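Let's work through a few exercises on a two-chain model. Each one has a task and then a solution that goes step by step.

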Amino acid sequence: MDILQKRKCLKFFTYIVILIGAFLMIMPFIWMLSTSFKEPLKVYEVPIKWIPEVFNFKNYTRLFTDYNFSLYMKNSLKICLLNIVGNILSCSLTAYAFAFCKHKYKNRLFLLLLATMMLPGVVTFFPQFILFNYIGWYGTLLPLWVPAFTGSAFYIFLLRQFFLTIPTELIDAAKMDGTSDLKILFQIVLPMSKPAIVVIIIYNFMAVWNDFFGPLIYIIREDQRTVAVALNYLKSTYEGTSSIPIVMAASTLLIIPSVLIYFFGQSYVSKGIVFKGVDK
Amino acid sequence: MKIQIRTCHSQFQQWISKHKFLLFASPWIIGFIAFTLIPMLSSLLISFTEWNILTPPKFAGLENYKSVFADPLFYKSLKVTLVYTFVSVPINVTLAFFAALLLNTDIKFINVYRTIYYLPAVVSGVVVSLLWSWIYNSEFGLFNNFLLKFGINGPRWLSDEHWIMPALIIMSIWGIGGSIIMYLSGLQGIPRYLYESAKLDAANWWTRLTKITLPSMSPIILFTGLTSVIGALQTFTQAYVMTSGGPNNASLFYAYYVYKHAFVWKQMGKACALAWILFIVIFLITVILLKASKSKIYYESKDGGDIL
């Protein structure tokens, strides 16, 4: 076998493995979708029917007529937007400080920032709950978005890494002209950092939209529920397996926004994440 | 008078430019103090008290810690969590790495395949848990029906205490897309000339992998490995949504056990003690992993801040 043939063989093998992997990855989704269109009793059919005989949209419409899902989606969306605005504002300010300002303890503080990235959420979560309970925020949506206005270590890190790729000459020149730092940040640095901003929007949206633990702990009123929590309540209102089609319909509904936002922001992801140290 | 105001004004400006760093970093610094430092310290204090949230805390000394270390379920939950973490993370890191190698080729529709591999990672933990409860249904579920095609009678995954852990580990593999994306961006950053000169030296596939790819990727592998370990040690949603810690506490994850103490049994003191023990465990594991990997991690340049 000559080299060319060998290479072709290898490529074919790669292709097959990728295909099998993709098939296994997408299978659960297809099953979820197919189940979401079924009548409750049809889920017990063996062998599995992949394409339901009748496409039954009742499961989807019932989510809105019987279960208030439009309100839950609005709640989730509201919290997501507040988080994104808060994070972009606070993280860009902090990242600017770490990228372009000087301070005696800057490096030590940066190490501290990286360390908090590794800090397990479980450890801070319970004490935070006690704090929010103490200041009377339990049962409100405030604990779910106010902390975003103080930034998040990972996003600060991403932005700082991206800021460092911006030529310093540009910033120095603006400083010579007497432009204030805030103007430099919002008129020069941020517009050049679009990929990193998009990455933060995608990651933050998914993190908040998908969050289960936070809303589970802090929300007590039914009309404040987010979709993720509402989905779990939906499951527990029924016992047994009769709930499966409507739960699968709600699950499908829950993942659509994440999939869409990833699909449209995808091309930015590889551009916005700068891992390597930057030559200075 | 005018002169005085002017100097005052310029002094103010001087103060601002001198403390510019602190001003700009203030959102994070305030957040760190208010939402991390103070809560952590106060939870340490609370761990030495008996407190049900409703009535004021009572000092209890080391009672909470004593009761934790005398609690067989504490050891059980620690074991469950550690087994899950140190079986699932190595499997996932390895699979994600090879998947990224495969997906780093230029075949047709490669972007479609990459998206498919990543898709499960964008799905909420609640959806993953609900969907897989249904997949693991022993009679009508996808998994056992699939196994039946090969003549295998699948077990009762979620209600058999011996099969729950394998079930959760298999389920975790579905979410490797997040790591794959990291590895892909790392692979694309390896300079091409390294491979070309290796080819000139007639280095085979294995040599190229171990001498070029792995060393260049080692910081990213360490980073994703470490964050996966930290994440897995805090597994909660699966236990809450799928199993309620059962059967026979075989999926009593540590974070779920802490949650039960805090919000079901209203034992805030013991919950804080448990959280601090987990913090120390995670800290030790992180330090050990970082130390153990130190000689094996290759950094191109430390300047400008690599991640670790």
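## Exercise 1: the interface between the chains

Between chain B and chain A, 11 residue pairs are in polar contact, counting pairs with both residues at pLDDT 80 or more. Keep in mind that this is a predicted model.

**Task.** Describe the contact between chain B and chain A: how many residues take part, how much area is buried, and which elements and residues of chain B give the most?

**Solution.**

Step 1. Start with the head count: 84 residues of chain B and 93 residues of chain A take part in the contact.

Step 2. Move on to area. The size of an interface is often given as the accessible area lost when the parts come together. Here the two chains bury about 8200 Å² between them, and carbon and sulfur atoms account for 79% of it. On the chain B side, B:Phe21, B:Phe24 and B:Trp28 supply 11% of the area buried against chain A, more than any other three residues.

Step 3. Now look at polar pairs and charges. The two chains have 11 residue pairs in polar contact (both at pLDDT 80 or more), and the salt bridge count between them is 1. On chain B, helix H2 (residues 20–46) gives the most to the side that touches chain A, with 16 residues. Sorted by class, that side of chain B has 60 nonpolar, 17 polar and 7 charged residues.

## Exercise 2: salt bridges

**Task.** How many salt bridges does a search of the whole structure find? Then take three pairs and say where their residues sit and whether they are buried or partly exposed.

**Solution.**

Step 1. The search turns up 5 salt bridges over all chains. Side chains of opposite charge can pair when their charged atoms come close.

Step 2. Take B:Lys20 and A:Asp181, whose side chains meet at 3.3 Å, N to O. This pair crosses between chains, running from helix H2 of chain B to helix H9 (residues 181–192) of chain A. The cut-off for buried is under 20% relative accessible area. B:Lys20 has 18% relative accessibility, so it counts as buried. A:Asp181 is buried too, because its relative accessible area is 15%.

Step 3. Next up is the pair of A:Asp223 and A:Arg221, with 3.1 Å from N to O. A:Asp223 has a relative accessible area of 35%, so it is partly exposed. A:Arg221, at 45%, is partly exposed.

Step 4. Finish with B:Lys270 and B:Asp71, which form a salt bridge at 3.5 Å, N to O. This one links distant parts of the chain: B:Lys270 is in helix H14 (residues 268–293) of chain B, while B:Asp71 is in the loop between helix H3 (63–69) and helix H4 (72–103), 199 residues apart. Both B:Lys270 and B:Asp71 are buried.

## Exercise 3: two domains in chain A

**Task.** What do domain 1 and domain 2 of chain A share by way of contacts, buried area and polar pairs?

**Solution.**

Step 1. Get the bounds: the domain assignment gives domain 1 (3–59) and domain 2 (64–272). Their C-alpha centres lie 32 Å apart.

Step 2. Count contacts and area. In domain 1, 11 residues are in contact with 10 residues of domain 2. The buried area is about 830 Å², with 77% from carbon and sulfur atoms. A:Met32, A:Tyr44 and A:Asn59 lose the most area on the domain 1 side, together 51% of what that side buries.

Step 3. Check the polar side of things. The rule finds 0 salt bridges across this interface, and there are 0 residue pairs in polar contact (both at pLDDT 80 or more). Helix H1 (residues 3–36) of chain A gives the most to the domain 1 side, with 5 residues. That side divides into 6 nonpolar, 3 polar and 2 charged residues.

## Exercise 4: two residues up close

**Task.** Are B:Trp132 and A:Asn75 buried or exposed, and what does each one touch?

**Solution.**

Step 1. B:Trp132 sits in helix H6 (residues 125–135) of chain B. Its relative accessibility is 6%, so B:Trp132 counts as buried.

Step 2. Leaving out residues up to four places away in sequence, B:Trp132 touches A:Pro28, B:Phe143, B:Ile170, B:Met171, B:Trp174 and B:Met242. B:Trp132 and B:Phe143 are 11 residues apart in sequence and 9.2 Å apart in space, C-alpha to C-alpha.

Step 3. A:Asn75 belongs to helix H3 (residues 69–100) of chain A. At 10% relative accessibility, A:Asn75 counts as buried. Neighbours within four places in sequence aside, A:Asn75 is in contact with A:Asp223, A:Gln224 and A:Arg225.

Definitions and conventions: Residues are numbered from 1 along each chain as its sequence is written. Chains are lettered from A and ligands numbered from 1 in the order in which they are written. This is a predicted model: local features need pLDDT of at least 70, side-chain atom pairs count only at pLDDT 80 or more; totals for chains, interfaces and linings use all residues. Side-chain values use heavy atoms; hydrogens and water are left out. Helices (H or I, at least four residues) and strands (E, at least two) are DSSP runs, numbered from the N terminus. Buried means under 20% relative accessible area, exposed over 50%, partly exposed in between (1.4 Å probe, protein chains only). Contact means heavy atoms within 4.5 Å. Buried area is the accessible area (1.4 Å probe) that two parts lose on being put together, summed over both. A salt bridge is a side-chain nitrogen of Lys or Arg within 4 Å of a carboxyl oxygen of Asp or Glu. A polar contact is a pair of N or O atoms within 3.5 Å; within protein, one must be able to donate a hydrogen and the other to accept it, and residues adjacent in sequence count only if both atoms are side-chain atoms. Ala, Val, Leu, Ile, Met, Phe, Trp, Tyr, Cys and Pro count as nonpolar, Asp, Glu, Lys and Arg as charged, and the others, Gly among them, as polar. Domain bounds come from an automatic or database domain assignment.
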